[in-house]
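Fresh page in the notebook today. I wanted to look up how the chain is built and how far I can trust it.

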Amino acid sequence: MAFVALPCRSPPKLTVTMLRTFLHGVAAMQNPEAHFNEAFARTVDIGNTIADQDQQADLWDIADGMLAGALQFWLYSRQPCGDANCEDCAPLSTAQSRMTELKRLIDQFAAESEYFHTPQDQNVGRA
Ligand SMILES: [Zn+2]
C-alpha cells in the first residue's frame, strides 16, 4: 500500500485586507488608490479561483505564476519613455534601478501584509 503524504500546502482562503498606503508619483491617475485596491483584490481572487477549481492544486505553483505575471506587468509598466531628460523616468531608467524600486516595493508590501509573520514561524516563541 502506497503511503500518501498529506500536502503541507493546505489551501487556506486568502482574504483581502491589505490597504494601500503607498503614494503614487505625479503620473498617478485620478483615483490611484481605487485602481490599486481593485488590482490587488482581483489578483487574490484569481488565486482563490484557481485553487477552488482544482483542490489538488499546489498553492505555491499558483502563487509563483501570479507573481511572475504581476512582475511581467510591473516591468512592462515601468519602461522608460525614451526621453533622456525625462524626470519621471530618470529613477527607473536602467534595469538595475527598476530592480531597486521593485525590491523596495516588495519589502513594503510584504511588511504591510497580515501574512508576513505567521504563528508557525520558527522564530515565534511558544509558552
Ligand atoms: Zn519618461
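First, a term: pLDDT is the predictor's confidence in each residue, from 0 to 100. I am working with a predicted model, where local features need pLDDT of at least 70, side-chain atom pairs count only at pLDDT 80 or more, and totals for chains, interfaces and linings use all residues. Residues are numbered from 1 along each chain as its sequence is written.

Confidence. I noted a mean pLDDT of 84 for the chain, with 76% of its residues at 70 or more. Among the elements, helix α2 (residues 59–77) has the highest mean pLDDT, 97, and helix α1 (residues 32–53) the lowest, 94. Over residues 19–27 pLDDT stays under 50. I read no detail there, because predicted coordinates should not be read in detail where pLDDT is low.

Elements. I found three helices and zero strands, in the order α-α-α from the N terminus. Both kinds are DSSP runs numbered from the N terminus: helices are H or I, at least four residues, and strands are E, at least two.

Packing. Which way do α1 and α2 cross, left-handed or right-handed? The crossing is right-handed (clockwise turn of the near helix from the far one, by less than a right angle). Their axes come within 10 Å and cross at roughly 145 degrees (lines fitted to C-alpha atoms over the stretch in contact, angles from 0 to 180 degrees between N-to-C directions). From α1, the contact takes T43, I46, G47, I50 and A51; α2 brings L59, I62, A63, M66 and A70 (contact: C-beta atoms, placed from the backbone, within 7 Å).

Terms used
Two residues are in contact if their C-beta atoms, placed from the backbone, lie within 7 Å.
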